[in-house]
Amino acid sequence: MKRSFDVVVSASGLLAVSLPMLVIGIIVRLTSPGPVLYWSSRVGRNGELFRMPKFRTMRIDTPEVATHLLEDPDRWLTPVGGALRRLSLDELPQLWSVLSGTMSLVGPRPALFNQQDLVAARAATGVDRLRPGITGWAQINGRDELALADKVALDAAYLERSSLAFDIHILCRTVVPVLTGRGVTR
């Protein structure tokens, strides 16, 4: 049932935001050199790597590490990157990943391929069995501000409570943090 919900909502969402995505893509392209989309290697379900698209918010010469590991991350942002991140508009292309089945609307955020500490902690709690999500229990309870142990504990709590009703609850609670930028540090 969860997969059917993901397919219907992501397909509808892609149709609904296709024009705004086109405008964002044009703005990204006109304000900085490089591709419109950034495809990062992420750890998906059962530890399998997949390529996840986002609108590019960082310069093309940015090191491929988690943003919080960069020295002075703001210097790597494109002219529109900060606004796209604050409003989570950079995440819109991930609706394609949901439609294709590598992601879900709700689940733990996919770790970067080189975030071995997060990948190992999730595997130890069984969270790695879940399809990663665009949003999740950890995202609405702290987002970037969470310590790794707290993030994994929230991901594990999601695994225990996982249901379509809980997913809908999380999706509804995602709206305010997205609109306000609450919990986004970069």
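These notes cover the sheet, one helix, the aromatic residues and two buried positions.

1. Status of the model. This is a predicted model. Every point below should be read with that in mind.

2. Sheet layout. Three strands form an open sheet in the order β2-β1-β4, and the pairing is antiparallel. The strands at the edges are β2 and β4; each has a single partner strand, so one side of each is left without a neighbour in the sheet.

3. The β1-β2 pairing. Strand β1 spans residues 37-43 and strand β2 spans residues 49-55. They run antiparallel and share 7 bridges. For a register check, take S41: its bridge partner in β2 is R51. The hairpin leaves 5 residues between the two strands. Within this hairpin, N46 has a positive phi, near 60 degrees.

4. The β1-β4 pairing. Here the strands are joined by 2 bridges, again in the antiparallel sense. R42 of β1 can serve as the reference, with L112 as its bridge partner in β4.

5. Helix α5, buried side. This helix covers residues 116-125. Its buried residues are L118, A121 and R122. Why do they lie on the same side of α5? They span an arc of only 100 degrees around the axis, which puts them there. The spacing fits the general rule: an α-helix has 3.6 residues a turn, so residues three or four places apart point the same way. Note that an arginine, R122, is among the buried residues.

6. Helix α5, surroundings. What do the buried residues of α5 pack against? Their partners are β4 (111-112) and α6 (148-161). β4 therefore has two roles in this description: an edge strand of the sheet, and a packing partner of α5. The face of α5 turned away from the buried side carries Q116 and A124, both exposed. After the helix comes G126, with a positive phi near 85 degrees.

7. Aromatic cluster. The structure contains 2 aromatic pairs. In one of them, the ring centres of Y158 and F166 are 5.8 Å apart and the planes meet at 25 degrees, so this pair counts as stacked. Both Y158 and F166 are buried. Ring pairs connect W137, Y158 and F166 into a cluster. A charged side chain adds to the picture: R161 sits over the face of W137, 5.3 Å from the ring centre.

8. Position I24. This residue belongs to helix α2, residues 18-31. Is I24 buried or exposed? With a relative accessible area of 10%, I24 is buried. Beyond residues up to four places away in sequence, I24 touches F55, L84, L89 and L92. F55 falls within β2, which covers residues 49-55. The contact with L84 links distant parts of the chain: I24 and L84 are 60 residues apart in sequence, yet their C-alpha atoms are 8.7 Å apart in space.

9. Position S32. S32 is in the loop between α2 and β1. Despite the loop setting, S32 counts as buried, at 10% relative accessibility. Which residues does S32 contact, leaving aside neighbours within four places in sequence? They are R56, T78 and P79. With R56 there is also a polar contact, side chain to side chain, at 2.9 Å.

Terms used: Residues are numbered from 1 along each chain as its sequence is written. This is a predicted model: local features need pLDDT of at least 70, side-chain atom pairs count only at pLDDT 80 or more; totals for chains, interfaces and linings use all residues. Side-chain values use heavy atoms; hydrogens and water are left out. Buried means under 20% relative accessible area, exposed over 50%, partly exposed in between (1.4 Å probe, protein chains only). Helices (H or I, at least four residues) and strands (E, at least two) are DSSP runs, numbered from the N terminus. The arc is that of the directions from the helix axis to the C-beta atoms. Contact means heavy atoms within 4.5 Å. Two strands pair if DSSP finds at least two bridges between them. Rings of Phe, Tyr and Trp (its six-membered ring) pair if their centres lie within 6.5 Å; planes under 30 degrees apart count as stacked, over 60 as edge-to-face and the rest as tilted. A charge sits over a ring if NZ of Lys or CZ of Arg is within 6 Å of the ring centre and within 35 degrees of the ring normal. A polar contact is a pair of N or O atoms within 3.5 Å; within protein, one must be able to donate a hydrogen and the other to accept it, and residues adjacent in sequence count only if both atoms are side-chain atoms.
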